[in-house]
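Subject: A structure for you to look at

Hello,

Here is the structure I promised to pass on. Please open it beside this email and follow along.

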Amino acid sequence: MKRSHFIFIAICACASGVARADDSSTLTSICDQAAASPFDTTRPAGVAGVAPDKIDTKIAVPACEAAVKAAPNDPRIAYQLGRAYFAAKAYESARAQYERADAAGFAPAAFNLAAIYHEGLGVPVDPQRSIALVRRAADGGLPLAMNALGYRYTQADGVAKDLSEARRWFQKGAELNDPDSMSRYALCFWGGLGGEKNRDEARRWFQKAAEAGSPSGMTDYGEMLLSGEGGEKNDIEARHWFEKSSRGRKHRGHDRLRHHA
């Protein structure tokens, strides 16, 4: 039996009262498998999460709609329904669920809501509201939002340009092991962005970013290995990271997805 058929039957069984032992738990589990975010640290153990562009909306939308009905006060489930709607390009419905989860203090929902206002998906573009939501998510401990907020400061996007503040947020994200934050924090050391210039530290953070899976970090670490900046020169190792970066970029998907948790 195909996975989609199994899930459909499970949803129907719960909705009809056949699976009465623990309907809410069953529906929540199905929604988790279909639409949990890899960036949500509160997702259940054993659930890897699904990238935004990999969500199967035919499974995720009905699964999470049923789960929200069964657990109406769970902000994580509302957020996952928002992700399912977003993947289906039902942006107004996604926004409603993100707002519901954000009102309960769920940081990933604030971050995804920020993307909707930043890109004008079903609403007018609103940079000020978007930046306030990114800040809320960053203050709520989401490393992805810390990186995005730092980048906004470098670009004067919805906020006055402030390289020192950008560096501070990149550092916070890097220290929480966000790969892109590590890469950008390394760039701060490499070029002296918003503070100290230190090629040794740049190389150390590029290496951490590369090992954590950042394609740009892999490229920049490879460049430092090739040139011998900040440490020993190693052409063979440099080539390894260049090749890995190329493969990583092919499989990562559109950069916009990194602005949607």
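Buried residues make up 46% of the 261 residues in the protein chain. Keep in mind that this is a predicted model. The accessible surface comes to about 12,600 Å². Carbon and sulfur atoms hold 51% of that surface.

Now the fold. The protein chain has 13 helices and zero strands. Contacts also link distant parts of the sequence. Take the contacts with a separation of 6 or more: 51% of them join residues 24 or more positions apart.

Next, the core. In soluble globular proteins, nonpolar side chains tend to be buried together. The largest nonpolar core here has 69 residues. Which of them touch the most other members? Tyr98 and Phe111 do. Helix α6, residues 107-119, gives the most to this core, with eight residues.

Look at Tyr98 for a moment. Leaving out residues up to four places away in sequence, Tyr98 touches Tyr79, Gly82, Arg83, Phe86, Ala109, Asn112, Leu113, Ile116 and His260.

Then go to helix α8, residues 143-155. From first C-alpha to last, α8 reaches 19 Å. That is close to the 18 Å expected at 1.5 Å a residue. Is this helix mostly covered or mostly open? It is mostly covered, since 11 of its 13 residues are buried. Among them are Leu144, Met146, Leu149 and Tyr153. Polar residues are on the list too, including Asn147 and Thr154. What do the buried residues of α8 pack against? Their partners are α6, α7 (127-139), α9 (163-175) and α10 (179-191). Right after α8 comes Ala156, with a positive phi near 55°.

One residue of α8 deserves a closer look: Arg152. Why does Arg152 count as buried? Its relative accessible area is 9%, and buried means under 20%. The side chain of Arg152 makes a polar contact of 3.0 Å with the side chain of Ser130. Arg152 also touches His118, Ile131, Val134, Asp157 and Val159, again not counting residues up to four places away in sequence.

A good route through the model is to find Tyr98 in the core, then move on to Arg152 in helix α8.

Best wishes

Key. Residues numbered from 1 in each chain as written. Predicted model: local features only at pLDDT ≥ 70, side-chain atom pairs only at ≥ 80, totals over all residues. Heavy atoms only, no water. Helix = DSSP H or I, 4+ residues; strand = E, 2+ residues; numbered from the N terminus. Buried < 20%, exposed > 50% of the residue type's maximum accessible area, 1.4 Å probe, protein only. Contact = heavy atoms within 4.5 Å. Areas by Shrake-Rupley, 256 points an atom, 1.4 Å probe, with all protein chains shown as cover. Core = buried A, V, L, I, M, F, W, Y, C linked by side-chain atoms within 4.5 Å. Expected span 1.5 Å × (residues − 1). Polar contact = N/O pair within 3.5 Å; in protein donor to acceptor, adjacent residues only side chain to side chain.
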